[in-house]
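Me: Please show me the structure, and then I will ask about the ligand and the sheet.

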Amino acid sequence: MAEPNSLDVAAARRESMMSHRADSGQVALVFPIHSPRALLAAFRMLPVEAWGPKNADASLGGTHLQAYVCSIAQRNLAFVLGDRLRPGDIDLIVAPHACDSLQGLASLLLDLTPPRVPVFPLYQPRGTRESDINFYAAELMALSERLADLVGWRPSDDELLAAVREDEEADRLLKYLSQAREHLGVSLRELYALLRSREYLSAARFGELARRRLSAAGLDPDATFERAPAGSSGGYRVPLILSGIVPEPDLLFDHLESGGAWVAADDLACCGRRLYPPGQSERPFRRMAERLINGPPDPTRGSPIAARAEHLLALARETGAKGVVFYTVKFCEPELFDIPSLTSRLSEAGLASLVIEVDIGQPLSHQSETRIEAFLEMLP
Ligand code: SF4
(Lines give C-alpha, C1' and ligand atoms only; values in the text may rest on other atoms or scores of the structure.)
Protein backbone atom coordinates (compact mmCIF):
# COMPACT_ATOMS: atom_id res chain seq x y z
CA MET A 1 0.00 0.00 0.00
CA ALA A 2 1.06 3.63 -0.47
CA GLU A 3 2.67 4.69 2.83
CA PRO A 4 0.89 7.75 4.25
CA ASN A 5 4.18 9.50 4.92
CA SER A 6 4.78 9.44 1.15
CA LEU A 7 2.37 12.40 1.37
CA ASP A 8 0.07 11.04 -1.32
CA VAL A 9 -2.72 10.78 1.20
CA ALA A 10 -5.50 10.58 -1.41
CA ALA A 11 -3.85 7.52 -2.99
CA ALA A 12 -3.29 5.90 0.41
CA ARG A 13 -6.92 6.51 1.39
CA ARG A 14 -8.25 5.06 -1.86
CA GLU A 15 -5.96 2.05 -1.58
CA SER A 16 -7.21 1.44 1.97
CA MET A 17 -10.84 1.52 0.79
CA MET A 18 -10.18 -0.75 -2.20
CA SER A 19 -8.22 -3.24 -0.18
CA HIS A 20 -10.98 -3.40 2.44
CA ARG A 21 -13.57 -3.92 -0.31
CA ALA A 22 -11.45 -6.71 -1.80
CA ASP A 23 -11.83 -8.47 1.58
CA SER A 24 -15.63 -8.19 1.21
CA GLY A 25 -15.90 -5.42 3.78
CA GLN A 26 -18.10 -2.34 3.62
CA VAL A 27 -16.95 1.27 3.82
CA ALA A 28 -18.53 3.83 6.15
CA LEU A 29 -17.97 7.54 5.56
CA VAL A 30 -17.78 9.13 9.03
CA PHE A 31 -18.17 12.82 9.81
CA PRO A 32 -16.14 14.48 12.61
CA ILE A 33 -15.28 14.31 15.41
CA HIS A 34 -15.56 11.13 17.44
CA SER A 35 -15.98 8.06 15.27
CA PRO A 36 -17.42 4.77 16.60
CA ARG A 37 -14.48 2.99 14.94
CA ALA A 38 -14.52 -0.19 17.01
CA LEU A 39 -18.24 -0.73 16.51
CA LEU A 40 -17.94 -0.29 12.74
CA ALA A 41 -14.90 -2.57 12.64
CA ALA A 42 -16.85 -5.29 14.47
CA PHE A 43 -19.32 -5.15 11.55
CA ARG A 44 -16.34 -5.50 9.15
CA MET A 45 -16.82 -1.92 8.04
CA LEU A 46 -13.89 0.42 7.37
CA PRO A 47 -14.50 3.90 8.84
CA VAL A 48 -13.14 6.58 6.51
CA GLU A 49 -13.42 10.10 7.88
CA ALA A 50 -14.38 13.27 6.02
CA TRP A 51 -12.98 16.54 7.42
CA GLY A 52 -14.07 18.81 4.55
CA PRO A 53 -12.49 17.06 1.55
CA LYS A 54 -10.34 19.40 -0.51
CA ASN A 55 -11.59 18.02 -3.81
CA ALA A 56 -15.28 18.74 -3.06
CA ASP A 57 -16.99 21.48 -5.04
CA ALA A 58 -17.66 23.84 -2.12
CA SER A 59 -20.31 25.78 -4.05
CA LEU A 60 -22.54 22.69 -3.98
CA GLY A 61 -22.63 22.83 -0.18
CA GLY A 62 -23.53 26.49 -0.35
CA THR A 63 -26.72 25.74 -2.29
CA HIS A 64 -28.17 23.98 0.77
CA LEU A 65 -26.42 25.50 3.79
CA GLN A 66 -26.30 29.06 5.07
CA ALA A 67 -23.11 31.02 4.38
CA TYR A 68 -22.35 31.14 8.13
CA VAL A 69 -22.06 27.34 8.40
CA CYS A 70 -18.42 26.23 8.71
CA SER A 71 -16.44 25.04 5.70
CA ILE A 72 -16.11 21.47 7.03
CA ALA A 73 -19.89 20.99 7.03
CA GLN A 74 -20.15 22.78 3.66
CA ARG A 75 -17.48 20.61 2.06
CA ASN A 76 -18.73 17.38 3.58
CA LEU A 77 -22.15 18.05 2.11
CA ALA A 78 -20.65 18.97 -1.26
CA PHE A 79 -18.56 15.79 -1.19
CA VAL A 80 -21.54 13.57 -0.46
CA LEU A 81 -23.78 15.18 -3.09
CA GLY A 82 -21.13 15.79 -5.76
CA ASP A 83 -19.60 13.50 -8.36
CA ARG A 84 -16.26 13.03 -6.54
CA LEU A 85 -17.88 10.26 -4.54
CA ARG A 86 -18.52 7.52 -7.07
CA PRO A 87 -21.38 5.03 -6.77
CA GLY A 88 -20.14 2.07 -4.74
CA ASP A 89 -17.38 4.03 -2.98
CA ILE A 90 -19.20 3.98 0.34
CA ASP A 91 -22.05 1.94 1.81
CA LEU A 92 -23.27 4.21 4.59
CA ILE A 93 -22.65 7.52 6.35
CA VAL A 94 -22.29 7.90 10.11
CA ALA A 95 -22.95 11.43 11.35
CA PRO A 96 -21.93 12.01 14.99
CA HIS A 97 -23.64 15.10 16.42
CA ALA A 98 -20.45 16.90 17.38
CA CYS A 99 -21.89 20.39 16.92
CA ASP A 100 -24.92 22.23 15.57
CA SER A 101 -23.38 22.39 12.07
CA LEU A 102 -22.95 18.64 11.84
CA GLN A 103 -26.32 18.01 13.43
CA GLY A 104 -27.89 20.30 10.81
CA LEU A 105 -25.96 18.51 8.08
CA ALA A 106 -27.23 15.12 9.27
CA SER A 107 -30.82 16.41 9.35
CA LEU A 108 -30.43 17.76 5.83
CA LEU A 109 -29.15 14.43 4.55
CA LEU A 110 -31.86 12.50 6.39
CA ASP A 111 -34.83 14.65 5.45
CA LEU A 112 -34.17 16.92 2.47
CA THR A 113 -31.32 15.81 0.22
CA PRO A 114 -30.86 12.10 0.89
CA PRO A 115 -27.67 10.64 -0.60
CA ARG A 116 -27.50 7.24 -2.31
CA VAL A 117 -26.58 5.46 0.93
CA PRO A 118 -28.21 5.32 4.39
CA VAL A 119 -27.26 7.96 6.97
CA PHE A 120 -26.98 7.02 10.65
CA PRO A 121 -26.85 9.87 13.18
CA LEU A 122 -25.09 9.34 16.51
CA TYR A 123 -25.69 11.60 19.51
CA GLN A 124 -22.78 12.39 21.81
CA PRO A 125 -22.91 13.09 25.55
CA ARG A 126 -21.79 16.52 26.75
CA GLY A 127 -20.38 15.55 30.14
CA THR A 128 -18.35 12.94 32.00
CA ARG A 129 -20.91 11.64 34.51
CA GLU A 130 -22.02 8.04 34.92
CA SER A 131 -25.22 9.03 33.13
CA ASP A 132 -23.14 10.21 30.15
CA ILE A 133 -21.44 6.82 29.90
CA ASN A 134 -24.82 5.08 30.06
CA PHE A 135 -26.27 7.47 27.49
CA TYR A 136 -23.46 6.96 25.00
CA ALA A 137 -23.41 3.18 25.51
CA ALA A 138 -27.15 3.17 24.72
CA GLU A 139 -26.55 5.31 21.61
CA LEU A 140 -23.90 2.88 20.41
CA MET A 141 -26.24 -0.05 21.06
CA ALA A 142 -28.96 1.65 19.02
CA LEU A 143 -26.50 2.27 16.19
CA SER A 144 -25.42 -1.37 16.41
CA GLU A 145 -29.03 -2.48 15.91
CA ARG A 146 -29.34 -0.30 12.83
CA LEU A 147 -26.09 -1.66 11.42
CA ALA A 148 -27.32 -5.20 12.09
CA ASP A 149 -30.52 -4.42 10.16
CA LEU A 150 -28.38 -3.14 7.29
CA VAL A 151 -26.04 -6.12 6.99
CA GLY A 152 -28.37 -8.88 8.24
CA TRP A 153 -26.13 -10.17 11.06
CA ARG A 154 -24.66 -8.93 14.33
CA PRO A 155 -21.28 -9.49 15.99
CA SER A 156 -21.15 -11.38 19.28
CA ASP A 157 -20.02 -9.64 22.48
CA ASP A 158 -16.66 -11.41 22.14
CA GLU A 159 -16.24 -10.06 18.61
CA LEU A 160 -17.20 -6.57 19.78
CA LEU A 161 -14.68 -6.73 22.62
CA ALA A 162 -11.97 -7.96 20.27
CA ALA A 163 -12.65 -4.98 17.98
CA VAL A 164 -12.47 -2.59 20.96
CA ARG A 165 -9.15 -4.06 22.08
CA GLU A 166 -7.70 -3.76 18.58
CA ASP A 167 -8.86 -0.13 18.49
CA GLU A 168 -7.23 0.48 21.89
CA GLU A 169 -3.94 -0.93 20.65
CA ALA A 170 -4.06 1.29 17.54
CA ASP A 171 -4.72 4.32 19.77
CA ARG A 172 -1.86 3.36 22.09
CA LEU A 173 0.46 3.35 19.09
CA LEU A 174 -1.03 6.60 17.81
CA LYS A 175 -0.25 8.23 21.17
CA TYR A 176 3.24 6.75 21.12
CA LEU A 177 3.92 8.21 17.64
CA SER A 178 2.52 11.55 18.72
CA GLN A 179 4.66 11.69 21.86
CA ALA A 180 7.81 10.34 20.17
CA ARG A 181 7.51 12.72 17.20
CA GLU A 182 10.92 14.29 17.81
CA HIS A 183 12.56 10.89 17.32
CA LEU A 184 10.89 9.90 14.05
CA GLY A 185 13.13 11.98 11.81
CA VAL A 186 10.24 13.36 9.75
CA SER A 187 8.98 16.79 8.77
CA LEU A 188 5.72 18.12 10.20
CA ARG A 189 3.98 17.33 6.90
CA GLU A 190 5.15 13.73 7.08
CA LEU A 191 4.34 13.45 10.76
CA TYR A 192 0.73 14.57 10.33
CA ALA A 193 0.25 12.45 7.19
CA LEU A 194 1.25 9.52 9.39
CA LEU A 195 -0.88 10.46 12.43
CA ARG A 196 -3.90 11.25 10.28
CA SER A 197 -3.73 7.93 8.46
CA ARG A 198 -5.70 6.72 11.50
CA GLU A 199 -8.62 8.49 9.76
CA TYR A 200 -8.79 5.93 6.94
CA LEU A 201 -6.72 2.85 7.81
CA SER A 202 -8.19 -0.05 9.75
CA ALA A 203 -6.89 -0.39 13.32
CA ALA A 204 -4.86 -3.43 12.28
CA ARG A 205 -3.21 -1.72 9.29
CA PHE A 206 -2.55 1.45 11.23
CA GLY A 207 -0.98 -0.68 13.97
CA GLU A 208 1.35 -2.37 11.45
CA LEU A 209 2.34 0.97 9.97
CA ALA A 210 2.96 2.54 13.40
CA ARG A 211 5.10 -0.39 14.49
CA ARG A 212 7.18 -0.14 11.32
CA ARG A 213 7.73 3.58 11.79
CA LEU A 214 8.61 3.26 15.49
CA SER A 215 11.02 0.36 14.85
CA ALA A 216 12.67 2.28 11.99
CA ALA A 217 13.31 5.08 14.49
CA GLY A 218 14.96 2.66 16.91
CA LEU A 219 12.00 2.67 19.33
CA ASP A 220 10.39 -0.43 20.83
CA PRO A 221 6.68 -0.32 19.83
CA ASP A 222 5.74 -2.43 22.88
CA ALA A 223 7.49 -0.21 25.40
CA THR A 224 6.01 2.80 27.14
CA PHE A 225 7.44 6.00 25.70
CA GLU A 226 9.44 8.03 28.19
CA ARG A 227 9.56 11.64 27.17
CA ALA A 228 12.90 13.39 27.73
CA PRO A 229 12.72 16.40 30.06
CA ALA A 230 11.31 19.47 28.31
CA GLY A 231 13.94 21.50 26.49
CA SER A 232 16.47 18.67 26.24
CA SER A 233 16.01 17.98 22.52
CA GLY A 234 18.43 20.53 21.18
CA GLY A 235 16.45 23.71 21.53
CA TYR A 236 17.14 24.84 17.98
CA ARG A 237 13.45 24.94 17.12
CA VAL A 238 10.67 26.85 18.86
CA PRO A 239 8.28 24.27 20.31
CA LEU A 240 4.58 25.08 19.95
CA ILE A 241 1.22 23.49 20.70
CA LEU A 242 -1.19 23.45 17.78
CA SER A 243 -4.84 23.54 18.84
CA GLY A 244 -8.00 23.73 16.73
CA ILE A 245 -9.72 21.38 14.32
CA VAL A 246 -7.54 20.21 11.38
CA PRO A 247 -4.06 21.38 10.34
CA GLU A 248 -4.82 22.25 6.71
CA PRO A 249 -3.46 23.22 4.27
CA ASP A 250 -0.10 21.46 4.66
CA LEU A 251 1.56 24.77 3.80
CA LEU A 252 0.93 25.68 7.43
CA PHE A 253 3.58 23.14 8.42
CA ASP A 254 6.09 24.44 5.88
CA HIS A 255 5.51 27.94 7.14
CA LEU A 256 5.96 26.97 10.78
CA GLU A 257 9.15 25.05 10.03
CA SER A 258 10.63 27.77 7.86
CA GLY A 259 9.99 30.15 10.78
CA GLY A 260 11.99 27.85 13.06
CA ALA A 261 8.97 26.35 14.86
CA TRP A 262 8.05 22.76 15.63
CA VAL A 263 4.67 21.38 16.74
CA ALA A 264 5.74 19.64 19.94
CA ALA A 265 2.20 18.51 20.82
CA ASP A 266 -1.27 19.13 19.56
CA ASP A 267 -4.78 19.67 20.82
CA LEU A 268 -6.39 19.20 17.42
CA ALA A 269 -9.84 17.71 17.05
CA CYS A 270 -8.51 15.28 14.42
CA CYS A 271 -5.48 14.18 16.50
CA GLY A 272 -4.72 15.09 20.12
CA ARG A 273 -8.33 15.26 21.30
CA ARG A 274 -8.79 11.67 20.14
CA LEU A 275 -5.97 10.02 22.07
CA TYR A 276 -8.49 7.96 24.03
CA PRO A 277 -7.31 5.80 26.94
CA PRO A 278 -8.28 2.12 27.11
CA GLY A 279 -11.67 1.31 28.61
CA GLN A 280 -12.14 -0.75 31.77
CA SER A 281 -15.40 -2.63 31.45
CA GLU A 282 -15.71 -6.10 29.93
CA ARG A 283 -19.10 -5.04 28.54
CA PRO A 284 -18.29 -3.88 25.00
CA PHE A 285 -20.68 -0.94 24.64
CA ARG A 286 -19.83 0.43 28.04
CA ARG A 287 -16.13 0.06 27.31
CA MET A 288 -16.50 1.99 24.03
CA ALA A 289 -18.34 4.72 25.92
CA GLU A 290 -15.72 4.87 28.69
CA ARG A 291 -13.02 5.48 26.10
CA LEU A 292 -14.74 8.57 24.73
CA ILE A 293 -15.80 9.96 28.10
CA ASN A 294 -12.29 9.61 29.55
CA GLY A 295 -10.61 11.14 26.49
CA PRO A 296 -8.77 14.47 26.48
CA PRO A 297 -10.89 17.62 26.95
CA ASP A 298 -12.85 18.73 23.91
CA PRO A 299 -15.29 21.63 23.52
CA THR A 300 -17.64 19.51 21.41
CA ARG A 301 -18.01 17.17 24.40
CA GLY A 302 -18.76 20.07 26.70
CA SER A 303 -15.42 20.03 28.54
CA PRO A 304 -15.06 22.95 30.96
CA ILE A 305 -12.68 25.72 29.90
CA ALA A 306 -10.67 25.21 33.10
CA ALA A 307 -10.03 21.57 32.14
CA ARG A 308 -8.98 22.62 28.64
CA ALA A 309 -6.61 25.27 30.02
CA GLU A 310 -5.07 22.81 32.47
CA HIS A 311 -4.62 20.26 29.68
CA LEU A 312 -2.82 22.80 27.45
CA LEU A 313 -0.63 23.99 30.31
CA ALA A 314 0.29 20.39 31.15
CA LEU A 315 1.24 19.79 27.50
CA ALA A 316 3.37 22.93 27.57
CA ARG A 317 5.13 21.80 30.76
CA GLU A 318 5.82 18.34 29.29
CA THR A 319 7.11 19.57 25.94
CA GLY A 320 8.57 22.96 26.79
CA ALA A 321 6.15 24.59 24.32
CA LYS A 322 6.49 28.37 24.26
CA GLY A 323 3.02 29.15 22.95
CA VAL A 324 -0.26 27.85 21.57
CA VAL A 325 -1.56 28.46 18.06
CA PHE A 326 -5.35 28.11 17.95
CA TYR A 327 -5.91 27.20 14.33
CA THR A 328 -9.68 27.33 14.06
CA VAL A 329 -12.24 27.06 11.32
CA LYS A 330 -14.35 30.16 10.60
CA PHE A 331 -17.83 29.96 12.15
CA CYS A 332 -16.83 27.04 14.40
CA GLU A 333 -18.96 27.88 17.43
CA PRO A 334 -17.63 25.22 19.84
CA GLU A 335 -14.10 26.55 19.33
CA LEU A 336 -14.87 30.22 19.19
CA PHE A 337 -17.03 30.27 22.35
CA ASP A 338 -14.08 29.00 24.42
CA ILE A 339 -11.23 30.99 22.96
CA PRO A 340 -11.57 34.35 24.79
CA SER A 341 -11.61 32.74 28.25
CA LEU A 342 -9.08 30.09 27.29
CA THR A 343 -6.48 32.51 25.91
CA SER A 344 -6.96 34.75 28.91
CA ARG A 345 -6.28 31.84 31.32
CA LEU A 346 -3.20 30.81 29.36
CA SER A 347 -1.93 34.36 29.37
CA GLU A 348 -2.37 34.56 33.17
CA ALA A 349 -0.26 31.38 33.39
CA GLY A 350 2.44 32.92 31.17
CA LEU A 351 1.71 30.99 27.97
CA ALA A 352 1.32 33.12 24.83
CA SER A 353 -1.28 32.29 22.21
CA LEU A 354 -2.31 33.22 18.70
CA VAL A 355 -5.71 32.71 17.09
CA ILE A 356 -5.90 32.09 13.34
CA GLU A 357 -9.21 31.46 11.55
CA VAL A 358 -9.25 29.61 8.24
CA ASP A 359 -11.64 28.17 5.69
CA ILE A 360 -10.91 24.52 4.95
CA GLY A 361 -9.99 24.05 1.29
CA GLN A 362 -8.49 27.55 0.97
CA PRO A 363 -4.77 28.40 0.80
CA LEU A 364 -3.05 29.87 3.84
CA SER A 365 -3.56 33.62 3.55
CA HIS A 366 -0.64 36.07 3.54
CA GLN A 367 -2.24 37.71 6.55
CA SER A 368 -2.12 34.41 8.48
CA GLU A 369 1.49 33.85 7.43
CA THR A 370 2.46 37.30 8.66
CA ARG A 371 0.67 36.85 11.97
CA ILE A 372 2.41 33.49 12.53
CA GLU A 373 5.80 35.07 11.76
CA ALA A 374 5.13 37.93 14.18
CA PHE A 375 4.00 35.48 16.87
CA LEU A 376 7.14 33.37 16.52
CA GLU A 377 9.32 36.47 16.74
CA MET A 378 7.77 37.61 20.01
CA LEU A 379 8.11 34.25 21.79
CA PRO A 380 10.83 34.00 24.42
S1 SF4 B 1 -15.32 23.07 12.40
FE2 SF4 B 1 -16.52 23.37 14.28
S3 SF4 B 1 -18.58 23.88 13.59
FE4 SF4 B 1 -17.48 22.91 11.86
S5 SF4 B 1 -17.94 20.75 11.95
FE6 SF4 B 1 -16.06 21.04 13.12
S7 SF4 B 1 -16.72 21.36 15.23
FE8 SF4 B 1 -18.52 21.67 13.93
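Me: How many nonpolar residues are in the shell around the ligand?
Reply: This is a predicted model, in which local features need pLDDT of at least 70, side-chain atom pairs count only at pLDDT 80 or more, and totals for chains, interfaces and linings use all residues. Residues are numbered from 1 along each chain as its sequence is written. The shell has 2 polar and 2 charged residues (Asp, Glu, Lys and Arg count as charged; Ala, Val, Leu, Ile, Met, Phe, Trp, Tyr, Cys and Pro as nonpolar; the others, Gly among them, as polar). The nonpolar residues number 11.

Me: Which element gives the most to the shell around the ligand?
Reply: The ligand is surrounded by 15 residues (C-beta atom, placed from the backbone, within 6 Å of it). Helices H4 (71-81), H5 (100-111) and H13 (333-348) each give two or more of them (helices, H or I, have at least four residues and strands, E, at least two; both are DSSP runs numbered from the N terminus). The one that gives the most, with 3 residues, is H13.

Me: Which strands stand at the edges of the open sheet?
Reply: The 4 strands pair in parallel, in the order E2-E1-E3-E4 (a pair needs at least two DSSP bridges). Two of them each have a single partner strand, so one side of each is left without a neighbour in the sheet. These are E2 (45-49) and E4 (119-122).

Me: What is the bridge partner of alanine 28 in E3?
Reply: Strand E1 (residues 26-30) and strand E3 (residues 92-96) are paired in the parallel sense, over 3 bridges. Within E3, the partner of alanine 28 is leucine 92.
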